[in-house]
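Work through the exercises below with the sequence and the structure side by side. Try each task before you read its solution.

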There are 2 protein chains.
Amino acid sequence: MSRASDRAYGAIRSMILSGELASGAQLGEEALAEVCGVSRTPVREALRRLEADMLVVRTDTQRSFVADWSIDDVADAFELRAKLEGMAARRAAERMTAEVLDRIRSANRVIGVAVRQTKPDIAGFLDGNREFHAAVIDAAGSRRLAALLGSLVEQPVVWRTAYHYSREALNRSHSEHEELAAAFARGDGAWAEAIMTGHILRAYHAYADAHRGLAVPEPREVAA
Amino acid sequence: MSRASDRAYGAIRSMILSGELASGAQLGEEALAEVCGVSRTPVREALRRLEADMLVVRTDTQRSFVADWSIDDVADAFELRAKLEGMAARRAAERMTAEVLDRIRSANRVIGVAVRQTKPDIAGFLDGNREFHAAVIDAAGSRRLAALLGSLVEQPVVWRTAYHYSREALNRSHSEHEELAAAFARGDGAWAEAIMTGHILRAYHAYADAHRGLAVPEPREVAA
DNA sequence: ATGCAGAGTATTGTATACAAATATGGTTGG
DNA sequence: CCAACCATATTTGTATACAATACTCTGCAT
């Protein structure tokens with residue numbers, strides 16, 4: 001069984017990503033320890049990890065809060081992710097193997113099935129998408145690049161917003177994945193990088209479009 | 001006064017960067033607590049932070065060791081840094097202010113003085129260099145980008161190797177800084193990005209050249 | 001009303017004790 | 001001689017107690 005600090009980390013993290021713990025909510029160590037059924041020690045460790053993930057911020061007086069992702073923060077994260085995952089795609093293409101290509105194509109099939117439903121299967125789409133991008137990052141073969149991207153892929157609000165994506169956005173995303181797979185098959189690093197970078201930036205715009213259409217509370221300010 | 005965990009973090013970090021704690025050395029919590037004059041609790045926190053910085057690795061059985069930076073790891077880190085700091089330079093150029101430009105130019109003067117000594121003042125060069133790059137990263141105005149770059153700029157071995165840089169490498173580095181300042185003054189983001197990316201990659205080659213000339217022990221293997 | 005001072009409350013930081021897990025070294029059986 | 005195994009020593013994980021720090025709310029003075 002996993003360690004208490006891992007369980008606390010996972011529990012708090014998923015509460016943040018799901019929105020159960022809202023932006024700006026204070027994260028008291030005692031209260032979280034209660035919820036997770038452990039002592040403060042593993043909770044403290046979990047909070048520090050989440051802080052490194054930028055899902056949690058601390059004030060200058062050491063109080064922890066759920067990080068507040070303004071629309072600018074999200075744009076910033078996507079811009080960085082576009083650049084870094086572009087690099088990952090190029091490297092992956094340069095060292096592509098049959099096994100990895102299979103993994104990528106099988107992820108694409110999942111996405112294709114999800115997108116073609118009469119009512120698109122968003123959960124399936126997200127699963128396939130996650131697997132596709134994980135495969136690319138693994139194939140890039142850089143622990144460091146993988147670590148940097150780790151803090152950029154999971155963002156609160158963003159995945160939940162996928163449930164409001166337009167069918168056009170979903171179809172375009174799927175065809176871009178196909179195009180990427182083709183570039184990988186040819187070992188065309190420059191092309192893979194260009195497609196991937198554009199793909200992430202378009203994913204951001206799909207998010208921003210869906211986001212604008214929703215009644216989103218203004219992000220409240222949180223101490224630096 | 002700073003907190004015990006901060007002192008432990010700084011102490012262990014500088015021991016790693018200076019080489020006092022060599023690659024592959026085991027980092028026992030008890031022993032470090034003794035050295036730092038604190039209990040294990042803050043030491044544990046420091047080790048987790050250093051792990052996030054990738055200066056420390058942990059085995060699958062939770063033992064901590066000083067990370068082993070092979071020449072490939074260093075190349076990888078520089079490649080990422082070149083890309084990200086290129087982004088930072090572009091953003092900085094786009095939002096340049098008179099104050100920031102002053103800060104950058106004053107850092108350049110420090111570099112210029114250090115480089116022009118009959119026997120180059122490497123410590124001064126490194127100080128000016130650090131300040132220059134810190135100013136650019138600050139001016140980019142992205143907390144997230146700054147956080148990602150944080151784990152890439154300080155590398156064990158690398159700075160120590162600067163003491164073996166050739167005069168040509170130092171002069172070229174200085175003139176590149178001047179060229180960057182000029183791009184910033186013009187607000188020329190694309191140019192600043194191009195120069196900065198090349199600048200970092202050349203810094204890597206200066207490192208690799210100096211490194212090859214030294215008697216460097218083969219990196220010993222360390223458990224994953 | 002507004003701002004400041006102080007006591008009292010709540011929260012975080014550190015040390016320590018003990019439990020759980022892992023490494024080590026020697027012994028035995030093959 | 002080697003490998004598997006057990007007892008022991010070492011190391012890490014967690015809980016808890018207490019200290020230090022930060023917050024809050026009241027009352028008072030302006």
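**Exercise 1. Find the atoms of chain B that reach the phosphates of DNA strand D.**

Solution. The model is predicted.
Step 1: Start at B:Glu29. A backbone N or O atom of B:Glu29 lies 3.0 Å from a phosphate oxygen of DNA strand D.
Step 2: Go to B:Arg44. Here a polar side-chain atom lies 2.4 Å from a phosphate oxygen of the strand.
Step 3: Go to B:Gln62. A polar atom of its side chain is 3.0 Å from a phosphate oxygen of DNA strand D.
Step 4: Apply the cut-off. A polar contact is a pair of N or O atoms within 3.5 Å, so check each distance against that limit.

**Exercise 2. Describe the protein surface near DNA strand D.**

Solution.
Step 1: Count the residues. DNA strand D is surrounded by 19 residues, and the closest are A:Ala4, A:Ser39, A:Thr41, A:Thr61 and B:Arg44.
Step 2: Look at the DNA side. Of the strand D atoms that come within 4 Å of the protein, 69% are sugar and phosphate.
Step 3: Name the helices. At least two residues each come from α1 (4-18) and α3 of chain A and from α3 of chain B. The helix that gives the most is α3(B), with three residues.
Step 4: Sort by class. Nine residues are charged, six are polar and four are nonpolar.

**Exercise 3. Repeat the analysis for DNA strand C.**

Solution.
Step 1: Count again. There are 19 residues around DNA strand C; A:Arg44, B:Ala4, B:Ser39, B:Thr41 and B:Thr61 are the closest.
Step 2: Split the DNA atoms. Sugar or phosphate holds 68% of the strand C atoms within 4 Å of the protein, and bases hold the rest.
Step 3: List phosphate partners. In chain A, a polar backbone atom of A:Glu29 is 3.0 Å from a phosphate oxygen of strand C. The side chain of A:Gln62 has an N or O atom 3.1 Å from a phosphate oxygen of that strand. In chain B, a backbone N or O atom of B:Ala4 lies 2.4 Å from a phosphate oxygen of strand C.
Step 4: Name the helices. α3 (40-52) of chain A, α1 (4-18) of chain B and α3 (40-52) of chain B each supply at least two residues. The largest share, three residues, is from α3(A).
Step 5: Sort by class. The surface near strand C has nine charged, six polar and four nonpolar residues.

**Exercise 4. Work out how chain A and chain B meet.**

Solution.
Step 1: Count the contacts. 26 residues of chain A touch 26 residues of chain B.
Step 2: Take the area. The two chains bury about 2500 Å² between them, with 55% of it on carbon and sulfur atoms. A:Met54, A:Lys83 and A:Arg144 supply 28% of the area that chain A buries against chain B, more than any other three residues.
Step 3: Look for charge pairs. The interface has 14 salt bridges. One of them joins B:Arg90 to A:Glu79, whose closest N and O atoms are 3.2 Å apart.
Step 4: Place the chain A side. α3, α4 (71-94) and α7 (143-153) of chain A are the elements that give two or more residues to the side touching chain B. α4(A) has the largest share, 10 residues.
Step 5: Sort by class. This side of chain A has 13 charged, 10 nonpolar and three polar residues.

Conventions: Residues numbered from 1 in each chain as written. Chains lettered and ligands numbered in written order. Predicted model: local features only at pLDDT ≥ 70, side-chain atom pairs only at ≥ 80, totals over all residues. Heavy atoms only, no water. Near = heavy atom within 4 Å. Polar contact = N/O pair within 3.5 Å; in protein donor to acceptor, adjacent residues only side chain to side chain. Helix = DSSP H or I, 4+ residues; strand = E, 2+ residues; numbered from the N terminus. Nonpolar A, V, L, I, M, F, W, Y, C, P; charged D, E, K, R; others polar. Contact = heavy atoms within 4.5 Å. Buried area = accessible area lost by both parts, 1.4 Å probe. Salt bridge = Lys/Arg side-chain N within 4 Å of Asp/Glu carboxyl O.
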